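Colleague: Please show me the complex, and let us then go through its ligand sites and its chain interface.

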2 protein chains.
Amino acid sequence: MICNLTISADGYSAGLNQTEERPFGDDGGDGWADKLHAWYSESSEENREEIDQILAAKAFIMGRNMFGPVRGEWDRPWIGWWGDNPPYHAPVFVLTHHAREPQPMEGGTTFHFVTDGIESALTRAREAAGDGDVAIMGGATTINQYLAAGLIDELRLHIVPLTLGAGTRLFEGVPPLKLEQVKSHSASLVTHVTYRVLS
Amino acid sequence: MICNLTISADGYSAGLNQTEERPFGDDGGDGWADKLHAWYSESSEENREEIDQILAAKAFIMGRNMFGPVRGEWDRPWIGWWGDNPPYHAPVFVLTHHAREPQPMEGGTTFHFVTDGIESALTRAREAAGDGDVAIMGGATTINQYLAAGLIDELRLHIVPLTLGAGTRLFEGVPPLKLEQVKSHSASLVTHVTYRVLS
Ligand SMILES: NC(=O)c1ccc[n+]([C@@H]2O[C@H](COP(=O)([O-])OP(=O)(O)OC[C@H]3O[C@@H](n4cnc5c(N)ncnc54)[C@H](OP(=O)(O)O)[C@@H]3O)[C@@H](O)[C@H]2O)c1
Ligand SMILES: NC(=O)c1ccc[n+]([C@@H]2O[C@H](COP(=O)([O-])OP(=O)(O)OC[C@H]3O[C@@H](n4cnc5c(N)ncnc54)[C@H](OP(=O)(O)O)[C@@H]3O)[C@@H](O)[C@H]2O)c1
């Protein structure tokens with residue numbers, strides 16, 4: 001299974017204190033959200049291959065915090081950060097401890113809320129994807145669980161130039177991994193590195 | 001000032017439990033020391049530019065743990081890991097809390113032991129380097145102090161494919177940094193990324 005993540009040079013995928021106004025958390029004053037978005041903006045021809053790969057999957061998995069800022073009970077309406085027609089155009093399985101009915105959107109995206117763990121989410125995503133790929137989108141809390149369980153084959157990191165110093169960190173609490181560097185592509189705003197996870 | 005460091009994909013420059021037998025500490029069983037050394041082996045034409053840059057400096061700074069495995073008092077002879085003729089061919093300033101006489105070596109290297117802190121080491125290294133560059137060699141404990149003090153202009157990271165999960169980590173405890181990606185070069189065993197530290 002493939003996993004994409006944009007990280008700071010010190011390995012964080014989100015700063016502390018995520019809110020609706022600052023979905024990626026504190027940024028140390030250096031435009032973390034801007035840098036994070038810049039490399040995959042629509043106009044970014046330089047990074048076209050990486051962008052196309054991310055959205056080519058036929059089912060997606062994400063953590064509840066990536067889906068939105070609501071914590072605890074679903075006590076207010078929230079349909080994700082992406083408007084009425086999200087860019088996934090496929091089923092998205094959202095890990096959470098708080099059950100919720102599926103949320104269909106325009107353009108083929110449906111958000112399904114999975115309360116029985118990462119393996120269940122993966123099974124359901126694989127079924128939904130058929131012959132297509134499943135992509136784990138993040139955040140790091142979700143990815144680290146899949147890494148620790150040995151369920152990720154390929155890790156595509158997009159390293160942006162700044163450090164956050166604190167937040168949710170990729171690889172935190174994950175036992176040592178053997179990796180093979182499959183590809184590495186230097187763009188102007190970001191360095192892309194693809195690892196195969198060997199064990 | 002320039003700083004080179006080889007790090008794992010999760011940002012460590014050394015594993016836990018450094019010993020004389022395992023100068024880079026625990027490696028999670030995946031040949032961390034081998035991977036670390038592989039990219040700058042003499043025969044590595046692919047990485048020639050990065051290797052030449054490291055050794056071009058006219059004075060070097062390192063921490064006492066990079067210099068060797070002796071801790072506490074200097075209670076046994078130790079002249080570094082690099083044999084009688086170390087690859088520096090210039091003064092090397094070793095940060096430590098334990099005073100020791102300078103240690104001259106063949107080929108122009110002299111190890112000086114600096115007990116009055118990072119700024120003193122830098123002043124002495126700058127004097128020794130004259131018009132040449134000063135290079136901070138590591139480990140991460142030393143580099144993080146210089147980063148936190150705003151004394152590093154350029155950070156050249158060499159990212160090798162494995163994770164360590166624990167050890168001494170670059171950027172640990174360093175406040176958020178604004179970086180500019182100056183260059184990034186993908187070799188087969190390693191990804192080199194050069195950052196300018198903006199603040
Ligand atoms: N840099 C990037 O490329 C990138 C990518 C994705 C996201 N992000 C950012 O990362 C942040 C979110 O990441 P995160 O690491 O904080 O969280 P996350 O992985 O998105 O979500 C974690 C939450 O998902 C639920 N969850 C996770 N595993 C579960 C399990 N096994 N069983 C049941 N529920 C589970 C829990 O929510 P409940 O217990 O509350 O239900 C948990 O608190 C956001 O700021 C987002 O914008 C960045
Ligand atoms: N990956 C790489 O490229 C790379 C590069 C270099 C080193 N390494 C590895 O990293 C490890 C060493 O790194 P490290 O981070 O553990 O330690 P380090 O930075 O090499 O050395 C730390 C030690 O230096 C002394 N020191 C540091 N700052 C000082 C200050 N301001 N004043 C006085 N003394 C000071 C202290 O020793 P005392 O208090 O005992 O005197 C301290 O414990 C080794 O395993 C080495 O092989 C890897």
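The exchange below takes up the ligands and the interface in turn.

Modeller: This is a predicted model, in which local features need pLDDT of at least 70 and side-chain atom pairs count only at pLDDT 80 or more, while totals for chains, interfaces and linings use all residues. Residues are numbered from 1 along each chain as its sequence is written, chains are lettered from A and ligands numbered from 1 in the order in which they are written, and side-chain values use heavy atoms, with hydrogens and water left out.

Colleague: Which element gives the most residues to the shell around ligand 1?

Modeller: The shell holds 25 residues, where near means a heavy atom within 4 Å. Elements of chain A that each supply at least two of them include strand S1 (2-8) and helix H5 (140-148); helices (H or I, at least four residues) and strands (E, at least two) are DSSP runs, numbered from the N terminus. With four residues, the largest contributor is H5(A).

Colleague: What percentage of the accessible area of ligand 1 does the protein cover?

Modeller: A polar contact is a pair of N or O atoms within 3.5 Å; within protein, one must be able to donate a hydrogen and the other to accept it, and residues adjacent in sequence count only if both atoms are side-chain atoms. An oxygen atom of ligand 1 is 2.6 Å from a side-chain N or O atom of His97(A), and an oxygen atom of the ligand is 2.7 Å from a polar side-chain atom of Thr142(A). Of the 920 Å² of accessible area (Shrake-Rupley method, 1.4 Å probe) that ligand 1 has on its own, the protein covers 88%.

Colleague: Which residue of chain B has a side-chain N or O atom 2.8 Å from a nitrogen atom of ligand 2?

Modeller: Oxygen atoms of ligand 2 are approached by a polar side-chain atom of Arg64(B) at 2.7 Å and by a backbone N or O atom of Met66(B) at 2.9 Å. The partner of the ligand nitrogen is Gln145(B).

Colleague: How many salt bridges are there between chain B and chain A?

Modeller: In this interface, 34 residues of chain B are in contact (heavy atoms within 4.5 Å) with 34 residues of chain A. The chains bury about 2,400 Å² between them, buried area being the accessible area (1.4 Å probe) that two parts lose on being put together, summed over both. There are 12 residue pairs in polar contact, both residues at pLDDT 80 or more. For salt bridges (a side-chain nitrogen of Lys or Arg within 4 Å of a carboxyl oxygen of Asp or Glu), the count is zero.
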